[in-house]
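The following paragraphs lead the reader through a protein model, from its overall form to its ligand shell, its cores and some details of its backbone. Please keep the sequence and the structure in view while reading.

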Amino acid sequence: MAQQAKVDFKQILDHSHIANPYPLYEQFRETPVALQEDGSYIVSTYNEIVSLLHDPRLSSDMRKSDAQKQALQQAKQKRAQLAAQGQPVEEPEEVVPPFIFQDPPNHDRLRRIVMRQFTPERIESMGSHVEQIVKEHLDKHAQGGQIDIVDDLAYPLPVTVICQLLGVPREDEPRFHAWAEPLASVLDPGQVQTEAQQKQIMEFSRQIHEYMDELLQKLKANPGDNMLSGMLTTNDIDGPMSPRELISTAILLLIAGHETTVNLITNGTLAMLRSPELMEQLRQDPELVITYVEELLRYDPPVHFRTRTALADIEVAGTTIPKGATIILVLASGSHDEKRFKQSEEFIPDRQDNEHLGFGSGIHYCVGAPLARIEAHIALSEISRRLIDPKLAVDPPTYRDNAALRGPRHLPVDFKGLR
Ligand code: HEM
């Protein structure tokens with residue numbers, strides 16, 4: 001028998017909880033697997049989430065869920081009705097989902113091709129470049145005053161880095177700046193989009209596909225030392241990606257590079273400014289930043305939940321999730337599970353036993369994790385080391401309207417200058 005959750009998942013999606021969703025997650029964990037009104041299942045405890053992330057009976061392909069099949073069917077009926085009334089009907093273009101939304105074997109093939117471009121040498125060589133970018137951004141504020149950690153550092157840093165790695169011209173950034181956030185909102189299972197918003201997302205998606213198509217043509221004619229050129233020209237044993245696969249993979253990497261690391265750096269700054277002794281500890285012991293960032297990924301992570309579809313009836317913690325059901329895995333709740341982590345509601349910067357779910361687990365484990373870690377280590381070390389007498393100008397800050405990819409929209413900090 002499925003248990004009805006004591007807390008409605010809609011509360012998590014309600015913006016009033018976004019500054020601190022963790023008390024609600026604690027209530028969720030009393031019912032590890034909970035059926036929601038709309039027929040979806042919320043899984044909120046560590047062991048259950050990990051076992052499901054490793055279960056091949058779960059799919060990341062949203063097209064396989066009953067809800068998605070119904071929505072597609074309804075859209076088809078609507079088009080048929082319009083056509084019967086003699087009205088113009090636009091058939092939706094068949095798009096290849098990015099590999100984060102695919103299952104084996106195709107997921108594994110595309111992921112392998114990407115991983116061969118994401119070489120450790122390439123990532124490590126970014127370290128000095130990251131240092132340079134952080135320095136340039138901070139140096140602009142040598143006089144002190146107010147800095148917005150989001151706009152002035154945490155957003156531009158990963159964007160510059162991912163553009164350079166992929167081979168996307170930095171000067172094109174303002175164009176996809178407008179596309180990235182709305183497209184990332186698709187990852188939030190609770191975002192109910194109006195028809196106008198859906199249309200806008202479709203239009204942004206069309207524009208970014210067109211942009212990527214053109215860029216890939218240019219790189220094909222004139223390849224450089226970057227990941228997209230590598231993916232275009234590779235003689236990979238898995239064979240080449242099709243043109244559509246290349247486009248969707250490039251967009252996935254670009255958006256993932258835009259919408260996640262920003263939150264890790266911003267949440268990390270917020271945590272240290274809320275606790276000046278923590279900031280002092282980081283200044284005194286620069287090595288601490290390594291475990292500090294892992295604790296952030298556990299305690300206040302950028303990605304809060306991910307969605308899957310059951311491909312069979314699956315029994316978890318005494319509940320049978322039926323085939324076709326949507327499953328929401330609340331990673332951020334799993335990482336706060338008191339049964340898995342000692343003092344789970346405390347931020348312990350040198351925590352040792354810390355297998356958090358911040359980057360997921362299993363076959364979809366984040367491919368950008370080493371890059372995100374390097375960026376966060378350098379940015380947070382420099383913020384703690386260089387800002388003189390920093391204070392939060394607003395607490396809590398305002399958050400972006402996305403409960404799945406959660407983070408402050410701005411983080412204004414007053415300070416007296418730079419060291
Ligand atoms: C997958 C988190 C940065 C690229 C994931 C997943 C999580 C995650 C939780 C698992 C998704 C799932 O199981 O469905 C994060 C966080 C980041 C970050 C917290 C920053 C702090 C990045 C960056 C890139 C990236 C910088 C690109 C350069 C990807 C890709 C996947 C992924 C391509 C899909 C992997 C697959 O399906 O096999 N990420 N990510 N991520 N991430 Fe990240």
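Is glutamine 343 buried or exposed? Glutamine 343 is exposed, because 9 other C-beta atoms lie within 10 Å; a residue counts as exposed if 12 or fewer other C-beta atoms lie within 10 Å of its own, as buried if there are 20 or more, and as partly exposed in between, with C-beta atoms placed from the backbone. This residue is found in the loop between helix H17 (331–334) and H18, and glutamine 343 has a positive phi of about 45° although it is not a glycine.

The model is predicted: local features need pLDDT of at least 70 and side-chain atom pairs count only at pLDDT 80 or more, whereas totals for chains, interfaces and linings use all residues. Residues are numbered from 1 along each chain as its sequence is written.

The protein contains 18 helices and eleven strands; helices (H or I, at least four residues) and strands (E, at least two) are DSSP runs, numbered from the N terminus. Its radius of gyration is 22 Å, close to the 22 Å that the globule rule gives for 419 residues, so the protein is as compact as a globular protein of that length. Here the radius is taken over C-alpha atoms, and the rule is 2.2 Å times the number of residues to the power 0.38. Along the principal axes, the C-alpha atoms fill a box of roughly 70 × 60 × 45 Å. Of the 419 residues, 39% are buried.

The ligand is surrounded by 26 residues, of which Ala256, Gly360, His364, Cys366 and Gly368 come nearest; a residue is near a molecule if its C-beta atom, placed from the backbone, lies within 6 Å of it. Helix H13 (243–259), helix H14 (261–274) and helix H18 (369–386) are the elements that give two or more residues to this shell. The largest share, four residues, comes from H13.

Both H13 and H14 can be followed further. In H13, 14 of the 17 residues are buried, so this helix is largely enclosed by the rest of the structure. Twelve of the 14 residues of H14 are buried, so H14 is likewise largely enclosed; among them are Asn263, Asn267 and Met272.

Nonpolar side chains tend to be buried together in soluble globular proteins. In this model the largest nonpolar core has 69 residues, of which Ala154, Leu166, Ala250, Leu254 and Ala379 touch the most other members. Such a core is a set of buried Ala, Val, Leu, Ile, Met, Phe, Trp, Tyr and Cys residues joined through C-beta atoms within 7 Å. Apart from it lies another core, of 32 residues, including Ala34, Tyr41, Val303 and Ile314. Leaving aside its neighbours within four places in sequence, leucine 166 is in contact with Asn226, Met227, Leu228, Ala250, Leu253 and Leu254; contact requires C-beta atoms, placed from the backbone, within 7 Å.

Several loops carry notable backbone details. A cis peptide bond, with omega about 5°, joins proline 104 and proline 105, and proline 105 is in the loop between helix H4 (66–84) and helix H5 (106–117). The bond from aspartate 395 to proline 396 is also cis, with omega near 0°. Proline 396 is found in the loop between strand E10 (391–392) and strand E11 (412–415). Alanine 317, in the loop between strand E7 (314–316) and strand E8 (319–321), has a positive phi of about 45° although it is not a glycine. Alanine 317 is partly exposed, because 13 other C-beta atoms lie within 10 Å.

Methods
Two residues are in contact if their C-beta atoms, placed from the backbone, lie within 7 Å.
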